[in-house]
Each structure stands twice: as structure tokens, then as C-alpha cells.
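The following exercises concern a predicted model. Each task is followed by a solution that goes step by step.

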Amino acid sequence: FFFQAEDGIRDPLWSRGLGDVYKRQALRTLKRKKEEIECCDKLLELNPNDSNFYVEKAFALRRNKKFDGAIKCLNKATELNPNNYDAFFEKGNSLFQYKQSEKALKNFERCIELNPNEARPYYWIGKIYERLGK
């Protein structure tokens with residue numbers, strides 16, 4: 001198994017930036033936010049049709065309070081994969097923090113459609129109702 005993973009890292013077509021995935025995780029841990037975003041850009045350059053990398057970049061942008069950029073990435077992620085639970089969840093979080101509660105609500109509702117057994121969107125819907133006074 002180890003050798004298969006090692007071979008995958010050496011093969012740029014197979015790994016499609018696998019080393020950069022680990023680098024991004026390390027940068028996040030080290031709180032090197034600007035470099036984390038740059039690493040996400042490189043991953044997207046290698047994998048422009050992978051909705052998960054747009055979600056990862058959006059998360060990095062949101063952590064830097066760059067909500068417009070995060071939402072733009074998440075729109076692209078949900079366009080590429082309309083069943084990407086993580087994209088809708090992250091978009092709901094970004095919109096909630098951006099004080100767009102009604103739009104956030106729609107994204108959390110989509111999360112429930114995709115995975116009704118996941119508790120997190122129910123929690124955020126409750127927070128939205130609380131914010132809206134419902």
C-alpha cells in the first residue's frame with residue numbers, strides 16, 4: 001500500500017497535486033493563510049473540474065474573512081457538482097457569517113436533502129431561525 005501511494009505522488013497525472021493537498025493542510029495548521037490560498041490556487045490549476053478543491057479554497061478564504069471570494073468558489077463547486085454536500089454546507093456557513101441568513105438557509109436545506117441524517121445543517125438552521133426571530 002505504501003509503495004502505491006508513493007508511486008502516485010511521483011506520477012503527476014495520477015496524483016493531480018496530491019503533494020499540494022498535504023502542503024495545504026500543513027499551511028492551515030501553521031496558520032499561514034496567504035500561502036494556504038496560493039496552494040489552493042495551484043490545486044485548482046491542476047484540477048479545474050474538481051469541486052472539492054473549490055470547497056477547500058472557499059474554506060481558506062472564509063477563514064481570512066474574504067466572503068465574496070469564498071462564495072464565488074462555492075458557486076463554482078455547486079455548479080460542477082450539484083450533489084456536493086460539503087460545498088452546500090460551506091456555502092451556508094459563509095453566507096451565515098456574511099449575514100445573508102435567507103440564502104444560508106437554502107443551502108442548509110439542500111444539505112438536508114443530500115444527507116438527512118447529518119446533524120450539522122439542523123443546528124445551523126436553528127441558528128438562522130434564532131437570528132431571524134422565528
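**Exercise 1.** Determine which residues Asn107 contacts, leaving aside its neighbours within four places in sequence, and decide whether Asn107 is buried or exposed.

*Solution.* Step 1: beyond those neighbours, Asn107 is in contact with Phe88, Lys91, Gly92 and Leu95. Step 2: Asn107 belongs to helix H8, which covers residues 101–114. Step 3: the relative accessible area of Asn107 is 7%. Buried means under 20%, so Asn107 is buried. Step 4: a polar atom of the Asn107 side chain lies 2.9 Å from the backbone oxygen of Lys103.

**Exercise 2.** Establish how helix H7 is oriented relative to H8, and identify the residues that form the contact.

*Solution.* Step 1: helix H7 spans residues 85–97, and its axis comes within 8 Å of that of H8, with a crossing angle of roughly 160 degrees. Step 2: angles over 145 degrees count as roughly antiparallel, and H7 is therefore roughly antiparallel to H8. Step 3: H7 and H8 cross in a left-handed sense. Step 4: H7 contributes Tyr85, Phe88, Phe89, Lys91, Gly92, Asn93, Leu95 and Phe96, while H8 contributes Ser101, Lys103, Ala104, Asn107, Phe108, Arg110, Cys111 and Leu114. Step 5: sorted by class, this contact of H7 with H8 has nine nonpolar, four polar and three charged residues.

**Exercise 3.** Describe the surroundings of Pro121 and state whether Pro121 is buried or exposed.

*Solution.* Step 1: Pro121 is located in helix H9, residues 120–132. Step 2: with a relative accessible area of 0%, Pro121 is buried. Step 3: apart from neighbours within four places in sequence, Pro121 is in contact with Tyr85, Phe89, Phe108, Cys111 and Ile112. Step 4: Pro121 and Glu109 are twelve residues apart along the chain, and their C-alpha atoms are separated by 7.3 Å.

**Exercise 4.** Analyse the packing of helices H5 and H6: how are they oriented to each other, and which residues meet?

*Solution.* Step 1: the axes of H5 (residues 51–63) and H6 (residues 67–80) come within 8 Å and cross at roughly 165 degrees. Step 2: H5 and H6 are therefore roughly antiparallel to each other. Step 3: the crossing in which H5 passes H6 is left-handed. Step 4: from H5, Ser51, Tyr54, Val55, Lys57, Ala58, Leu61 and Arg62 meet Phe67, Gly69, Ala70, Cys73, Leu74, Lys76, Ala77 and Leu80 from H6. Step 5: by class, the contact of H5 with H6 comprises ten nonpolar, two polar and three charged residues.

Key
Residues are numbered from 1 along each chain as its sequence is written. This is a predicted model: local features need pLDDT of at least 70, side-chain atom pairs count only at pLDDT 80 or more; totals for chains, interfaces and linings use all residues. Side-chain values use heavy atoms; hydrogens and water are left out. Axes are lines fitted to C-alpha atoms, for helices over the stretch in contact, and angles run from 0 to 180 degrees between N-to-C directions. Helices (H or I, at least four residues) and strands (E, at least two) are DSSP runs, numbered from the N terminus. Angles under 35 degrees count as roughly parallel, over 145 as roughly antiparallel, 65 to 115 as roughly perpendicular and the rest as oblique. A crossing is left-handed if the near helix is turned anticlockwise from the far one by less than a right angle, and right-handed if clockwise. Contact means heavy atoms within 4.5 Å. Ala, Val, Leu, Ile, Met, Phe, Trp, Tyr, Cys and Pro count as nonpolar, Asp, Glu, Lys and Arg as charged, and the others, Gly among them, as polar. Buried means under 20% relative accessible area, exposed over 50%, partly exposed in between (1.4 Å probe, protein chains only). A polar contact is a pair of N or O atoms within 3.5 Å; within protein, one must be able to donate a hydrogen and the other to accept it, and residues adjacent in sequence count only if both atoms are side-chain atoms.
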